[in-house]
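How do the chains of this assembly meet, and what makes up one of the interfaces between them? The report below takes up that topic for a reader at the bench.

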Amino acid sequence: MSDHLTISDLNLEFRTRHGTVRALEDVSLTVRRGEIVGVVGESGSGKSVMAYSVMGLSDAAADIKRGSIVLGGMDLLTTRGEAMRAIRGREMAMIFQSPRTALNPIRKVGRQIEDVLLEHAAIPRRDLKKAAIAALERVRIPDPERRYNAYPFELSGGMCQRIMIAIALACSPSLLIADEPTTGLDVTTQAVIMDLIRDKSRDSRMSTLLITHDLGLAGEYCDRIAVMHAGHVVEIAPTDVLLAHPAHPYTRQLLAATPTPDSTIDTLSSIGGQLPDLRRELPPCRFSERCVRKMPQCDLPPLPWTELSSDHLVRCRVPL
Amino acid sequence: MTALLDAQNLSKLYPVKGGAKGSLLHAVDGVDLRIEAGECVGLVGESGCGKSTMVRLLARLIDPTSGRIFLDGGDVTAVTQSQFVASPERGRIQVVFQDPTESLNPSFRVFQTIADPLKRLLKLRNADDIAAKVYRAAMLVGLPRELVQRYPHQLSGGQRARVGIARAIVVEPRLLILDEPTSALDVSVQAVILRLLADLRARLGMSYLFVSHDLNVVRLLCSRVVVMYLGKVVEVAPVEQLFANPRHPYTKALIASIPDPARRGEARPRLDGNPTSPISPNPNVCRFQSRCPIASAECRTIMPELRELGGGQSAACHFA
Amino acid sequence: MNFVWKRLLATLPSLAGVVVLTFLLSHALPGDPAAYFAGPAADANSIAEIREKLGLDRPLVEQFFYYVADLLRGNLGKSLTTGQPVLTDLVDRLPASLELSAYALVFAIGCAIPMGVLAAIRLDRPADHACRVIVTVCAAFPTFFIGLLLVYVFYFLLGWAPEPLGRLNEILYTAPPRVTGAYTIDALIAGDGEVFRAALAQLVLPAISLGLFALAPLARITRAAMLESLSSDFVRTAHASGLPTSKVLFTYAFRNSLLPISSVLGMVFSFLLGSNVLIEQVFGWQGVGAYAVSAVLASDYAAVQGFVLMMALLYILLNLLVDVLATLIDPRVRFEG
Amino acid sequence: MTFANLTRNAGHAFGENPLTLVAVGILLLLLTCALLGPSLAPYDPLMTDATAKLVPPSMAHPFGTDALGRDILSRVIVATRLDLGMAFSAVILSFVVGLALGSAAGYLGGWTDRIVGRLMDTIMAFPLFVLAMGIVAALGNNVANIIIATMIINLPFYCRFARAEVNMRRDLGYAEAARMGGNRTLTVLAVHIIPNILPPMMVQASLNMGWAILNAAGLSFIGLGVRPPTPEWGIMVSEGASFIVSGEWWAFVFPGAALVLAVFCFNLLGDGLRDLLDPRKRV
């Protein structure tokens, strides 16, 4: 499998009135063709910020200091304006959390799919409606002809998320970014939506980046998982390796804090301390202040990537 | 033996605005619930299943349309909720609310928040007594002394959650209702709060009603689980039995939907189809019938009653 | 269409409220309405006579029924100052006020919406700051003061505007034959370009003074609503789907902003109809506002009451129109009805 | 939004919006004029001088004199108390009444809500300035009735605002928690809810003050309420208006400018106060 999306050494800052927030530091990540990669982290870890920079939808206050994002050989950070717009929706697409608000409330959902088709797919106008209904069918929406005329407020959250997926997949993009796509949905709906996302990426060899705070969810659906903490990617590994043999202390503690069908209240452990304030001067390893295994050399810059195997990378001087 | 809490045939119907004349939203429909002294019962179900209405009914924040609630054998529904507010019974059931940010008065310091129920319910007037109890509650929930004089916006999410718990336990209730106490928290904080709750129960001997949509969390604390679907209880079982051998098709789907890395790729039952509307549902039709994989003609003519299945398990399904 | 009927029904309580309140203003308040109706020069005898004639000696509820019955027959009483039925007076003068308000509204909407949109798109840039300054200034100027300033500058100093004395210089031009009552429209119907230009020239200053005051709330809400839309999740989706900027701005953001904007339009109408009174005073405009002011000062109560009632009806009608328009924009309103 | 936010954000709000400081300056000036008016004025505002009619601005009369030879500067200064007083009383009255009615409607719901709502709808069914005219005409042409009329047309804004804010907070966790903690209905409202809606209400009041000034002055401008020779900005503008066509601009410009300054000041203060309480809501 070849690398499809490559993020390397991405550094991103937010200028706020309370100081500069170093939201991402030396973030590197690759997604191969047809692969589902999970990005897991707690709130404030920078996982969504990273996803938005790939899409070129960062906040106006965001400033990319360094690094590159390459999609299928194309450098996205140097691509601007019209060229970037042509890529979004056709080459890469994104779905969001709270699907209800992510859809235009006063436009028929069918028309919202047509908007994307009209822009990116060479479909004659008279065939648009048929194509939109076909897109609804592909995300297994029952009775698509009727749903074409529905407004988002008439649909359930799960149904809205399917519409979102239909919009995202309308032009068969090669990369899908799913930002917490099932947060706020019921667990039974979550399973249906996640199955759909997995099936679609398998069917069309689409690369998928799944942003989530739920390690269990990533564990079930992803091929590889990247764990983020305070603007750093701290560990990347194939899912089974990461879950069975976490190498970064943070990953291990995150796993221990996540309730699973096997955990008991006594095995459940928490992570001491809080996320560091990203406006402060920070030590090379941003986890060191919370880390029980901290050693004197942890304070020496630079923080290296340790390669445990060709597929298992960890940003820790003394991995487990 | 009388149960600590015994709710019998509890219903809450809301008139629907703008709907057909006489149409009623069946939020909670004929629910029986027993909680023994010292027991921890879980209440699970998807959004809109009536969980939060149950919380408000049991906490006597709203009056039931019909049914009775007995606390230690005494009927607390004998008076209306507005009269109940001032009764000494009020302090015996307390609630920890869902969103720790919304549930704290932004203009009250932590001290005032915890002291308020002491003044109102226990009629404490002596400042030293109040302070002693407030600081003891703060200590019990692991809230550092110096935070007691702060405002909610100066606290982290986990600290706010602790304040919410301290406020509830300061009047030494017999039953603590936990309404999704960790759903707004990150996993690392969730773990801390869950352990704190387990610890408090052991030390103070309270009963819990733990309401959650997350079965993995419920199983950590509870010995018995009640599953609700559209205002009805569909299954009650000891927690291990519920996971090992769910009898109601909804429970089966619910458990199968929990993301589980150990079972990736396995084909598991998924719930599709449209849920029945909770507005004036047909009393002779199983509420789950429209989404049920095993629904038959019987399910469309006879509403299944909750049946004892042995081993403390019961389910409301013709085929259980 | 179902919705329109529902909305029409929903105006009935407002209508009832308006009728009751106008009735109470004249009948249930301290002071002797008969004395008001009789006028300042009446003696005790004629007041008593009027009291009986108007039924003011009967119980309040009964008086109310007479009042409503009169209203239904279109009887608003007689004006003391003109000696004509109040309804005739009002119908006679209403077109002048409506014409002025309509031009003001077009001016206000025409300036405010582009300004608000521009400010939102160019947030925190010069265009936004300029918009902010204009809005702040406009909101602080009383309508009548703007009117006077404009007259001073454009009539007295520069001489660009015609003399601010009414709708048409009756010495130079004759009013067009009455069809709608609005001079500009009637002039066009009569095909009289010269009168049209003259009537329009008279309209410019009062319409602008009136419009400037309405401009501030409209521009403010447009900017706020656009900002809200632009930062919404669905606009983010539209960007993520690579839709063209113009489509995102208009089909997605602007269309969604129209709802909050239309809800403020009601307020703007209220401003316009109210300020009309002041502006007509400044420009010697022969509309219902000027009529009401002279009636108030002369204690010509039937006229004032008729005026208040008519303005309220007009306002309810305008709000109804806005609501119907809003449903065309937003399907949610249609369903919630 | 709480009072605690107020102090926290004060630095930023002033730093980022120096206009707020300007507004505070104008406010101090206005308050000084309102409190000390007669002793600050160089002349007696009612003193006529047949020899100095319509004198243009000069060293002796910085704002000139009016048609009766009265000093306009003195009249503008002395009028401050009346103009601000009328607006302020009206705003305070509608604040208090609106808060009471609105929070009762929002918290109790049901019939209270319906009756209060209907009442406010009826007021709002009129173009407000027209309604104010009608009220003054009916109640009688004097200053007290100007205040009452201004209060009535302001009332719906406070009432609806308070209703919405209370209604939103009624089911919020902390209100329910207060009920769990043994607070009776009225205590929850008075102790837990109302203190939290006061800051946004005060922003509303401050934004409203400018509008109240405009309304009161507008009524005087058409000859309602205040009678000559009482110095009042609206009536002074109206008196000065007759001399525009002969070019004596100062008679209407200075009182008008005073009005603009006062309205401008309160609008800016309202904006500043809003930023102070909740910087995110800045628009």
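What follows describes the contacts between chains in this predicted model, with most attention to chain B and chain D.

Five pairs can be set in context first: of the 5 pairs of chains in contact, it is chains C and D that share the most contacts. Chain B and chain C, on the other hand, do not touch, and their nearest C-alpha atoms lie 8 Å apart.

The size of an interface is often given as the accessible area lost when the parts come together. Between chain B and chain D the buried area is about 2,000 Å², and carbon and sulfur atoms give 58% of that area. Chain B brings 25 residues to the contact, while chain D brings 19 residues.

Turning to polar interactions, the count between chain B and chain D is 1 salt bridge, in which B:Arg56 pairs with D:Glu176, their closest N and O atoms being 2.8 Å apart. Across the interface of chain B and chain D there are also 11 residue pairs in polar contact, with both residues at pLDDT 80 or more. On the side of chain B that touches chain D, the elements giving two or more residues are β6 (93-96) and α3 (110-121) of chain B, and α3(B) gives the most, with 4 residues.

The table sorts the side of chain B that touches chain D by residue class.

| Class on the side of chain B that touches chain D | Count |
|---|---|
| nonpolar | 13 residues |
| polar | 6 residues |
| charged | 6 residues |

Conventions: Residues are numbered from 1 along each chain as its sequence is written. Chains are lettered from A and ligands numbered from 1 in the order in which they are written. This is a predicted model: local features need pLDDT of at least 70, side-chain atom pairs count only at pLDDT 80 or more; totals for chains, interfaces and linings use all residues. Side-chain values use heavy atoms; hydrogens and water are left out. Contact means heavy atoms within 4.5 Å. Buried area is the accessible area (1.4 Å probe) that two parts lose on being put together, summed over both. A salt bridge is a side-chain nitrogen of Lys or Arg within 4 Å of a carboxyl oxygen of Asp or Glu. A polar contact is a pair of N or O atoms within 3.5 Å; within protein, one must be able to donate a hydrogen and the other to accept it, and residues adjacent in sequence count only if both atoms are side-chain atoms. Ala, Val, Leu, Ile, Met, Phe, Trp, Tyr, Cys and Pro count as nonpolar, Asp, Glu, Lys and Arg as charged, and the others, Gly among them, as polar.
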